[in-house]
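Trainee: Got a minute to go through this model with me? I'd like to know what stands behind the labels.

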Amino acid sequence: MSKTGIMVRVPQVRSIEDAVRLYYEKSELTNADIKQLFDVHSSATIAKLKNLARERMAEENVPVWDARNVNTAAAYSVWGLQIDNLEHRLKKLQELKVLTA
């Protein structure tokens, strides 16, 4: 639960590969990026996820460059997406694909 009392269920990422790529490719996430990351289409869900990220950005004094977007590192952190873990999983999946090819 956030400081404002809003309950947000963070969806599973649609693709570990996309999650890692977005983390390194984008310094800020747009609505389209969040849709791609989680495969969500509800504007309300996207708004709740962004509000959580904005709260974390405020806590960490992360500057706001575009009011429509959220900082990627802060968003991943508050959404529980650990980039080290995602990278480890992606590497393991790539190894398994090589073994089965």
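Trainee: Which residues form one aromatic cluster?

Mentor: Tyr23, Tyr24 and Tyr76 do. Keep in mind that this is a predicted model.

Trainee: What makes the pair of Tyr23 and Tyr24 edge-to-face?

Mentor: Their ring centres are 5.1 Å apart, and a pair needs centres within 6.5 Å. The planes stand at 85 degrees, and over 60 counts as edge-to-face, so the label fits.

Trainee: And why is the pair of Tyr23 and Tyr76 called tilted?

Mentor: The planes of Tyr23 and Tyr76 make 55 degrees. Stacked needs under 30 and edge-to-face needs over 60, so 55 degrees falls to tilted. Centre to centre, this pair has 5.1 Å.

Trainee: Which helices does that pair link?

Mentor: Tyr23 sits in helix 1 (residues 16-25) and Tyr76 in helix 4 (residues 72-78). The two are 53 residues apart, so the pair links distant parts of the chain.

Trainee: How do you know whether Tyr76 is buried or exposed?

Mentor: Buried means under 20% relative accessible area, and Tyr76 has 1%, so Tyr76 is buried. Tyr24 has 54%, and exposed means over 50%, so Tyr24 is exposed. Tyr23, with 24%, lies in between, so Tyr23 is partly exposed.

Trainee: On to the surface: which residues form a nonpolar patch there?

Mentor: Leu93, Leu96 and Leu99, with about 300 Å² of accessible area together. Leu93 is in helix 5 (residues 83-100).

Trainee: What makes Leu93 accessible enough for a patch?

Mentor: Patch residues need over 30% relative accessible area; Leu93 has 40%, so Leu93 passes that cut-off.

How values were computed
Residues numbered from 1 in each chain as written. Predicted model: local features only at pLDDT ≥ 70, side-chain atom pairs only at ≥ 80, totals over all residues. Heavy atoms only, no water. Phe/Tyr/Trp six-rings, centres within 6.5 Å; stacked < 30°, edge-to-face > 60°. Buried < 20%, exposed > 50% of the residue type's maximum accessible area, 1.4 Å probe, protein only. Helix = DSSP H or I, 4+ residues; strand = E, 2+ residues; numbered from the N terminus. Patch = residues over 30% accessible without salt bridge, like charges linked within 9 Å, V, L, I, M, F, W, Y side chains within 5 Å. Areas by Shrake-Rupley, 256 points an atom, 1.4 Å probe, with all protein chains shown as cover. Salt bridge = Lys/Arg side-chain N within 4 Å of Asp/Glu carboxyl O.
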